[in-house]
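Me: Could you take a close look at the sheet in this model for me, strand by strand, and then at what packs around it? I'd enjoy a connected walk through the details.

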Amino acid sequence: MPTHTGHIALAGAPNVGKSTLLNALVGQHLAIVSSKAQATRLPVTGIRTEEDTQYIFHDLPGLLDPAYLLQTRMRELALDTAARMDLVLHLHPASDAPAPPFEQLAGLDAPFPVPTLTVYTKGDLLRPERRAALEQEAPVVAAANEVGVRKLLDRISPFLPEREFEFDPDDIGTQPLRFFVVEYLREAAFELLEDELPYSFTAEVEEFREAERPMYIRVTLFVERESQKGIVIGQGGKTIKALGAHARSRLEELIGTPVYLDTWVKALPNWRKNGSALARFGFPAPSPAATQPSRSDSISPDKESV
């Protein structure tokens, strides 16, 4: 039986439900979710394999008008990744239909070089009659609605070329576990820290002892100002403990292994506007050639590292 495999981008403006949809599509909390915009900084890849079809989804940073270098790199990365896909899903909130052309959102004068399918998200917020009418134009999904997700997969599958599977059918993603350590700490920051502080926050894994039980991971949390360190730590260490507890819970759910997170806080002034710092955290200046994920980078629910 021939197999079909394809790369599908989840693209759109910030806070349109891309990460929530990715998690629903793969059945695992891979991408961080927040009510605040711009939570996704780096693409997150999720894999769903059904019989003869492998869907490789890429949750992209939201397309916005950048205000500083980090946002510029995020937008460049999103558009570069989208241009290498087999299909782009242009996600747009159903309550704000109709969606603008994807080229307008991407700031392009010419047609986008990849097939694009508009998908309306947050369909559960619509009245049934409005949703039914909108479904005549484009897929409408609500992440908690398996029927809508199934209909979306059926719309995607004709775009996927006949191709061997790129990943083991049991794999659910491609990033290494270190990536998720940082992402889940960032998710906790969006949940527990107020105002603009989550946007000044990032993390870096310093030490990783995979063979130990519980698995030992030492992480440095970075903020942009010395005055922010105390906020992250909290009175008596309350906040930093809560950040670690959130991330640890997510990690243990992902890998099925006890985790010990050892967290420290440092200030790295204006790192969001510093090219060298951004490269250190995974945001190098764009290059003409970009690589696709390889089989060796894949993850499975029962693996301890990825």
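Reply:

**The sheet and its surroundings**

Happy to. This is a predicted model, and its open sheet has 5 strands in the order β2-β3-β1-β4-β5, with mixed pairing. At the edges are β2 and β5, the latter covering residues 116-121, and each of these two pairs on one side only. On average, neighbouring strands of the sheet are turned by 25° against each other, direction ignored. As general background, the strands of a sheet pair through backbone hydrogen bonds, either parallel or antiparallel.

Let's zoom in on the β2 edge. Strand β2 spans residues 44-50 and strand β3 spans residues 53-59; the two pair in the antiparallel sense over 7 bridges. Two positions help to fix the register in your viewer. Val 44 of β2 stands opposite Asp 59 in β3, while Ile 47 has Ile 56 as its bridge partner in β3. The connection is a hairpin, with 2 residues between β2 and β3. In that turn, Glu 51 has a positive phi of about 50°. When you follow side chains along these strands, keep in mind that in a regular strand they alternate between the two faces of the sheet.

Next, the helix that covers this region. Helix α1, residues 18-26, lies across four strands: β1 (4-12), β2, β3 and β4 (87-93). With respect to the edge strand β2, helix α1 runs at about 30°.

Just before α1 in the numbering, you come to residues that belong to a pocket. The second largest pocket has a volume of about 230 Å³. Its lining consists of 20 residues, and the closest to its centre are Asn 15, Val 16, Gly 17, Ser 34 and Lys 36. By class, the lining divides into 8 nonpolar, 9 polar and 3 charged residues, which may be handy if you plan to look at its chemistry.

Finally, it is worth looking further along the chain, at a pair of helices. Helix α7 (residues 226-233) packs with helix α8 (residues 238-255) at an angle of about 70°, their axes 5 Å apart. That angle makes α7 roughly perpendicular to α8. On the α7 side the contact is made by Ile 231, Val 232 and Ile 233, which meet Lys 238, Thr 239, Ile 240 and Leu 243 in α8. Sorted by class, this contact has 5 nonpolar, 1 polar and 1 charged residues.

How values were computed: Residues are numbered from 1 along each chain as its sequence is written. This is a predicted model: local features need pLDDT of at least 70, side-chain atom pairs count only at pLDDT 80 or more; totals for chains, interfaces and linings use all residues. Side-chain values use heavy atoms; hydrogens and water are left out. On a 1 Å grid over the protein atoms alone, a cavity is a set of points where a 1.4 Å probe fits but cannot get out, and a pocket is an open set with protein on both sides within 12 Å along at least five of seven lines; lining residues have an atom within 4 Å of a point. Grid points are joined across faces, edges and corners, and a volume is the space filled by probe spheres set on the points. Ala, Val, Leu, Ile, Met, Phe, Trp, Tyr, Cys and Pro count as nonpolar, Asp, Glu, Lys and Arg as charged, and the others, Gly among them, as polar. Two strands pair if DSSP finds at least two bridges between them. Axes are lines fitted to C-alpha atoms, for helices over the stretch in contact, and angles run from 0 to 180 degrees between N-to-C directions. Contact means heavy atoms within 4.5 Å. Angles under 35 degrees count as roughly parallel, over 145 as roughly antiparallel, 65 to 115 as roughly perpendicular and the rest as oblique.
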